[in-house]
Amino acid sequence: MKAVVYHGPYDVSVETVPDPTIENPGDVIVKIVAAGVCGSDLWTYRGQANVAAEARIGHEFLGVVAELGAEVSTLQVGDWVVSPFRYSDGTCEFCTTGLPSSCVNGGFWGREAHDAGQGELVRVPFADGTLVKIGDADSAPSKQLIPGLLTLSDVMPTGWHAATRAGVSQGSTAVIVGDGAVGQCAVISARRLGAERIIVLGGQHSDRSALAMQLGATDFLSERGDEAVAAVRDLVGAAAVDHVVECVGTAGSFDTALQLARPGSTVGYVGLPHGVVIDLARLFGRNIGIAGGVAPARAYIPNLISDVLAGAIDPGAVFTAVMSLSEAALAYQMMDERSTIKAMLSVSAP
């Protein structure tokens, strides 16, 4: 089969690799229909993650069940499924209390599991606990819904996690720090949670500002650092930011988020931290909380599927480039250069 392989910084290619096989009775083999390139994949692409050369890559995918292990009980061959970015057994103390991202037997695609999501086939461990059924062979999703359903692998649950952990609520004001795919999904989430005003702090890319406004933002600001803080306060007042959502993970973005957070509020964060050091004394006097981290995507997906299928949300809009699997290297280059917000790889017909 064909799959994307990482060779070193700025070097990925589509290679022929061995087909996966059932290794444990709880496994299934999924024929991948569509896969996503994630912003966090760029850390690997740039050589900034601890990933060995020749590793498989990719953790966002949906497809059709092609083969079942003997103990799989909730799925059938032909079922359409979406996978969260981390697999989980569904039975441990963390899975059963809503935190499958901390599953004691779980892991990440391409790391703890050799298989990864950007390829034609993938072996899914703990399939009953990991995969979420979209429909069976007789109720396949329409082609138009596939991008939105694919976002449920990662960016939509991650944006939802950030907004809910920040406590976004009906009639409130929320600031979203970051205009990438996760930030855009945080906009969708804040709107779905009833925020009245949604301010996005992003860059100078007009496609990102336009998409944020399309998805429900009320304001888009391109200032950075102290200038961004001043610009927000010009809009809403000195202490009127109810909720701050951090979707970048840099020291600068955290500093901006903490400056904007009003006393007693909580910053919801999902940006993978790089070089972030937080002085707790800075939070103490203002009773600022920080909550978030790795999104428990598997716990959120069932409800979010209902929203996507009902047309209540349209997270598929974050895919501003749709390409074939053979064009994966170009997809990575485009995302690295910020010439597309997010790329979807069309892998195979169901």
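## The antiparallel sheet

Two strands are said to pair if DSSP finds at least two bridges between them. In this predicted model, three strands pair in the antiparallel sense and form an open sheet, in the order E2-E1-E4. The edge positions belong to strand E2 (11–16) and strand E4 (55–56), each of which pairs on one side only.

Strand E1 (residues 2–8) is joined to E2 by six bridges, in the antiparallel sense. One residue pair illustrates this register: Ala3 has Glu15 of E2 as its bridge partner.

## The parallel sheet

A further open sheet contains six strands with parallel pairing, in the order E13-E12-E11-E14-E15-E16. Strand E13 (219–221) and strand E16 (289–292) each have a single partner strand, so one side of each lacks a neighbour in the sheet. From one strand to the next, the twist averages 20 degrees.

Strands of a sheet pair through backbone hydrogen bonds, in either a parallel or an antiparallel sense.

## Strand E14 and its partners

Strand E14 (residues 243–246) pairs in parallel with strand E11 (residues 173–177) through four bridges. Across this pairing, Val175 stands opposite Val244 of E14. With strand E15 (residues 266–269), E14 also pairs in the parallel sense, here over three bridges. Val245 lies opposite Gly268 of E15, and Glu246 has Tyr269 of E15 as its bridge partner.

In a regular strand, side chains alternate between the two faces of the sheet. Are the residues on the two faces of E14 buried or exposed? His243 and Val245 on one side are buried, as are Val244 and Glu246 on the other, and both faces of the strand are thus covered.

## Helix H8 against the sheet

Helix H8 (residues 251–260) belongs to a right-handed β-α-β unit together with E14 and E15. The helix packs on the parallel sheet, where it touches E11, strand E12 (197–201), E14, E15 and E16. The direction of H8 makes about 175 degrees with that of E14.

## Helix H8 and helix H7

H8 also has a helical neighbour: its axis and that of helix H7 (residues 225–236) come within 9 Å and cross at roughly 30 degrees. Angles under 35 degrees count as roughly parallel, and H7 and H8 are therefore roughly parallel to each other. Their crossing is right-handed.

Which residues make the contact? H7 contributes Gly225, Asp226, Ala228, Val229, Val232 and Arg233, while H8 contributes Thr256, Gln259 and Leu260.

How values were computed:
Residues are numbered from 1 along each chain as its sequence is written. This is a predicted model: local features need pLDDT of at least 70, side-chain atom pairs count only at pLDDT 80 or more; totals for chains, interfaces and linings use all residues. Side-chain values use heavy atoms; hydrogens and water are left out. Buried means under 20% relative accessible area, exposed over 50%, partly exposed in between (1.4 Å probe, protein chains only). A crossover is right-handed if, with the strands pointing away from the viewer, the path from the first strand over the helix to the second runs clockwise. Axes are lines fitted to C-alpha atoms, for helices over the stretch in contact, and angles run from 0 to 180 degrees between N-to-C directions. Angles under 35 degrees count as roughly parallel, over 145 as roughly antiparallel, 65 to 115 as roughly perpendicular and the rest as oblique. A crossing is left-handed if the near helix is turned anticlockwise from the far one by less than a right angle, and right-handed if clockwise. Contact means heavy atoms within 4.5 Å.
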